[in-house]
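Biologist: Hi, could you walk me through this one? I'm new to reading structures, so plain words please.

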Amino acid sequence: MALVGAALKLLLLLWLKLNALTFCQGKSSHNRWENDYPFIKAASSFSSSSSSSSSSSGREKTYDYIIVGGGTAGCPLATTLSQNYSVLLVERGDVPFGNLNVSHLNNFHISLVDTSRTSAAQTFISTDGVFNSRGRVLGGGTAINAGFYTRASTRYVRNVGWDAKLVNESYRWIEKQIVHRPNLAPWQMAVRDSLLEVGVSPFNGFTYDHLYGTKVGGTIFDKFGHRHTAAELLASANPEKLNVLIHATVQKIVFDTIGKKPKALGVIFKDEHGNKHTAFLSKRRGSEIIVSCGAIGSPQMLLLSGIGPKAELRKLNISVVLDNVFVGKGMADNPLNSVFIPTDGPVEQSLIQIVGVTKMGVYIEASSGFGQSKDSIRCNHGIVSAEQRLHSVASQQEELQQMEIKLRAQIIVGSENMEMQSSFDAQIKEHANANVKLQGYWFLRAERDRNDGGGMTDDLG
Ligand SMILES: Cc1cc2nc3c(=O)[nH]c(=O)nc-3n(C[C@H](O)[C@H](O)[C@H](O)COP(=O)(O)OP(=O)(O)OC[C@H]3O[C@@H](n4cnc5c(N)ncnc54)[C@H](O)[C@@H]3O)c2cc1C
């Protein structure tokens, strides 16, 4: 009898263990983004779903809100609006989920210089010759940036006329989902001590608040160095009311121009196969198309849709919907200056964790190291690299003049990458007459505090 009892116990244990295993496997397959975000679909699926509903019901599916651009602003906006309204979010890029260049902190630099068509980062050079990048992926800039998070100054919120209570609630909503307290890297500790030594004080410790002095801010990288992007905020959306299309490049907003004022009707977008589709707003009073394509993409979208300076639109054969002289104007470059300092020791990689916020209206921030995870692309280190900087500068005199601008300063010391080593050494020798082995780099920059000057955004760039 005791034997039968023991056998039964064993069977029960085995059964429990097998069940636990099956549950774990099920859970891991549920981790795939399609399961977590069932409302995200490829753009090409749009016409089949909407045309099938239109042929059966005689009507096309329409939306209370169409949001163009699923980036830093677009994702949380779509999530919030979906609680009460039907929303279509249209993004030209892919999802960031499972993309190692996006998700690993140590791929930050190579992600920025991946110029392939499927890259999450789109490199561009301004008309004045300044290199920069913009996001081309769900999550937008949060999928390619340095991940530093801070709140705006109370003065900034007041000046732009936002509801301070709502702003504070929104901060907390974001922070609990994708923001982390950083583990300070050695270089960041050195930056903290240096800032305090030169008088960027007091030390405000770890805080999200915008305070004068030196502080540890938030980061969207967790303790494992994994990035959390604005796309993850979509997990809080109402799945019944939200549709997200990826690989959907909006070409223009369509307007009804018959009445006194032009009225937005919908958007025309191209899918991943190059086919065109039109998505329409519902007839609900207050339905809107919201343009959140970023600082370059948003004015571009308005211009393509016929909103902008009349003369310029006509020159480009774009029918004028609304003459507005300000669209596409007032843009400023985000310039970068670099200084290379040789080192013979490796430097641990860190992105922005410490900032100095000065009363002169300047942010000072720094990063260190140059990594690349084994299972990712290998390429020239591009716009932020030493070799690029040394090639692109016509003369040291010009470099010195750029330095005078003092908007940004970058200190770069070498690279871990052995392929770069010899070209690095040669160029450094040529330019700085140094005979050194380079292994790591530091990066330091200062920029105007946009909280102070009433700029466009409340974050660090
Ligand atoms: C290298 C780098 C480092 C940075 N570091 C930081 C930092 O540490 N901290 C910080 O706060 N900020 C940082 N920034 C700035 C920050 O990332 C941006 O200010 C922010 O992402 C802008 O948000 P957005 O919503 O306006 O635009 P984006 O986040 O760029 O979103 C725009 C979205 O619109 C999509 N889009 C554009 N055109 C179309 C179209 N025609 N059809 C469909 N979709 C379209 C794009 O693909 C993109 O996803 C950094 C920026 C860069 C480039």
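Modeller: Sure, one term to start: two residues are in contact if their C-beta atoms, placed from the backbone, lie within 7 Å. With that, residues 24 or more positions apart account for 69% of the contacts in the protein chain with a separation of 6 or more. Keep in mind that this is a predicted model.

Biologist: How many helices and strands does the protein chain have?

Modeller: It has 15 helices and 22 strands. Of its 461 residues, 39% count as buried.

Biologist: Okay, what about S44, where is that?

Modeller: S44 sits in the loop between β1 (40-42) and α3 (45-57). S44 has 17 other C-beta atoms within 10 Å, so it counts as partly exposed.

Biologist: And what is S44 in contact with, leaving aside its neighbours within four places in sequence?

Modeller: Its contacts are D271, E272, H273 and N275. Take D271: S44 and D271 are 227 residues apart in sequence, yet their C-alpha atoms are 5.2 Å apart in space.

Biologist: Got another pair like that, say with S170? How far is S170 from P76 in space?

Modeller: C-alpha to C-alpha, S170 and P76 are 9.6 Å apart, with their positions 94 residues apart in sequence. S170 belongs to helix α8 (residues 164-178). It counts as partly exposed because it has 15 C-beta neighbours inside 10 Å.

Biologist: Switching to sheets. What is the strand order in the open sheet of 4 strands?

Modeller: The order is β2-β14-β13-β12, and the pairing is mixed. β2 (62-63) and β12 are the edge strands: each has a single partner strand, so one side of each is left without a neighbour in the sheet.

Biologist: Do strands pair in a parallel or an antiparallel sense, and where do β2 and β14 fit?

Modeller: In general, strands of a sheet pair through backbone hydrogen bonds, either parallel or antiparallel. β2 and β14 (residues 276-281) go the parallel way, over 2 bridges. For instance, T62 has F280 in β14 as its bridge partner.

Biologist: Now α10. Which of its residues are buried?

Modeller: Helix α10 covers residues 294-304, and G294, G297, P299, M301 and L302 are buried there. Those buried residues pack against β3 (65-68), β6 (131-135), β12 (249-256), β15 (288-291) and β16 (307-308). Right after α10 comes G306, with a positive phi near 95°.

Biologist: What does UniProt say about residues 294-308?

Modeller: An unreviewed UniProt entry places the feature "domain: Glucose-methanol-choline oxidoreductase N-terminal" at residues 294-308. In the model, that stretch is 73% helix and 13% strand, with its end C-alpha atoms 17 Å apart.

Biologist: Back to phi. Which residue has a positive phi of about 55° although it is not a glycine?

Modeller: That's H247, at about 55°. H247 lies in the loop between β11 (242-246) and β12. N317 also has a positive phi, about 60°, without being a glycine. N317 is in the loop between α11 (310-315) and β17 (322-323).

Biologist: Is H247 buried or exposed, and why?

Modeller: H247 counts as buried because it has 20 C-beta neighbours inside 10 Å, and the cut-off for buried is 20 or more. N317 has 6 such neighbours, so it counts as exposed.

Biologist: Last one: which residues does the cis peptide bond with omega of about 5° join?

Modeller: It joins S201 and P202. P202 lies in the loop between α9 (186-197) and β8 (203-206).

Definitions and conventions: Residues are numbered from 1 along each chain as its sequence is written. This is a predicted model: local features need pLDDT of at least 70, side-chain atom pairs count only at pLDDT 80 or more; totals for chains, interfaces and linings use all residues. A residue is buried if 20 or more other C-beta atoms lie within 10 Å of its own, exposed if 12 or fewer, and partly exposed in between; C-beta atoms are placed from the backbone. UniProt positions are given in the numbering used here, feature names are shortened, and annotations may be inferred rather than shown by experiment. Two strands pair if DSSP finds at least two bridges between them.
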